[in-house]
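User: I would like to go through the reasoning behind a few labels in this model, with each value set against its criterion.

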Amino acid sequence: MTKKPALNITRDRMIQLLNEDLAGEYQAIIAYTVYSQVLKGAAYTDIARELELHAGEELQHAIKIAKQIDYLGGMPNVTPKPVKTSDDPVAMLRADLENERTTVGRYRERISQAEAMGEFALSETLRAIIVQEQEHEIDLSAALNINVPLPIKPENSKTGRKRPKANRATRR
Ligand SMILES: [Fe+2]
Ligand SMILES: [Fe+2]
């Protein structure tokens, strides 16, 4: 048994994985909508404005992923992944960054899988999305004053979410 992500997946498995991705996009919409409004303090004015823009971009991602699920013959799911809440600005930004890392890792895998299936329109759609997710990571990392962390490997995308060790969040 190898630990490599399964590249040759069925259409049904792709639909299932995209639905998990869609749940992550919903989570991002909610988190950015709320965090952009509750981040207080002069130090956070710029990033709060930035998060508002992220919310709109995440909505566009959700629509694109839902469109692809429908195209593949699946039914887009309606349930977001849980959203963390906090009063602490740094905790909010870190939660966003953690989610973006997970998302980038997942989409990297999904792009390879889409290409292996010959679904090139899907892989193009995902490529356009991953460009924006990486920009989100850069914005959050800049606000937190840290380097952009490495993506989290989805490791065969079991349903359970991997929880990285807190101190390995940055490559310094
Ligand atoms: Fe997104
Ligand atoms: Fe994002």
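Analyst: In this predicted model, H2 and H4 are roughly antiparallel to each other.

User: Why are H2 and H4 called roughly antiparallel?

Analyst: The axes of helix H2 (residues 45-71) and helix H4 (residues 120-144) cross at roughly 160° and come within 11 Å; since angles over 145 degrees count as roughly antiparallel, the pair is therefore given that label. The crossing in which H2 passes H4 is left-handed.

User: What makes the contact of H2 with H4 a mixed one by class, and which residues meet there?

Analyst: Ile 47, Glu 50, His 54, Glu 57, His 61, Lys 64 and Gln 68 in H2 meet residues of H4, namely Leu 122, Thr 125, Ile 129, Gln 132, His 136, Asp 139 and Ala 143. Sorted by class, this contact has 4 nonpolar, 6 polar and 4 charged residues.

User: How do you know which helices supply the largest nonpolar core?

Analyst: That core has 22 residues, and those with the most contacts inside it are Leu 18, Leu 22, Tyr 32, Ala 62, Ile 65 and Ile 69. Helix H1 (11-38), H2, helix H3 (89-117) and H4 each supply at least two of its residues, and the largest share, 10 residues, comes from H1.

User: What is Leu 22 in contact with, leaving aside its neighbours within four places in sequence?

Analyst: Contact requires C-beta atoms within 7 Å, and on that criterion Leu 22 is in contact with Ala 62, Ile 65, Ala 66, Ile 69, Pro 76 and Asn 77. A second, separate core of 6 residues includes Tyr 107, Ala 114, Leu 126 and Ile 129.

Terms used:
Residues are numbered from 1 along each chain as its sequence is written. Chains are lettered from A and ligands numbered from 1 in the order in which they are written. This is a predicted model: local features need pLDDT of at least 70, side-chain atom pairs count only at pLDDT 80 or more; totals for chains, interfaces and linings use all residues. Axes are lines fitted to C-alpha atoms, for helices over the stretch in contact, and angles run from 0 to 180 degrees between N-to-C directions. Helices (H or I, at least four residues) and strands (E, at least two) are DSSP runs, numbered from the N terminus. Angles under 35 degrees count as roughly parallel, over 145 as roughly antiparallel, 65 to 115 as roughly perpendicular and the rest as oblique. A crossing is left-handed if the near helix is turned anticlockwise from the far one by less than a right angle, and right-handed if clockwise. Two residues are in contact if their C-beta atoms, placed from the backbone, lie within 7 Å. Ala, Val, Leu, Ile, Met, Phe, Trp, Tyr, Cys and Pro count as nonpolar, Asp, Glu, Lys and Arg as charged, and the others, Gly among them, as polar. A nonpolar core is a set of buried Ala, Val, Leu, Ile, Met, Phe, Trp, Tyr and Cys residues joined through C-beta atoms within 7 Å. A residue is buried if 20 or more other C-beta atoms lie within 10 Å of its own, exposed if 12 or fewer, and partly exposed in between; C-beta atoms are placed from the backbone.
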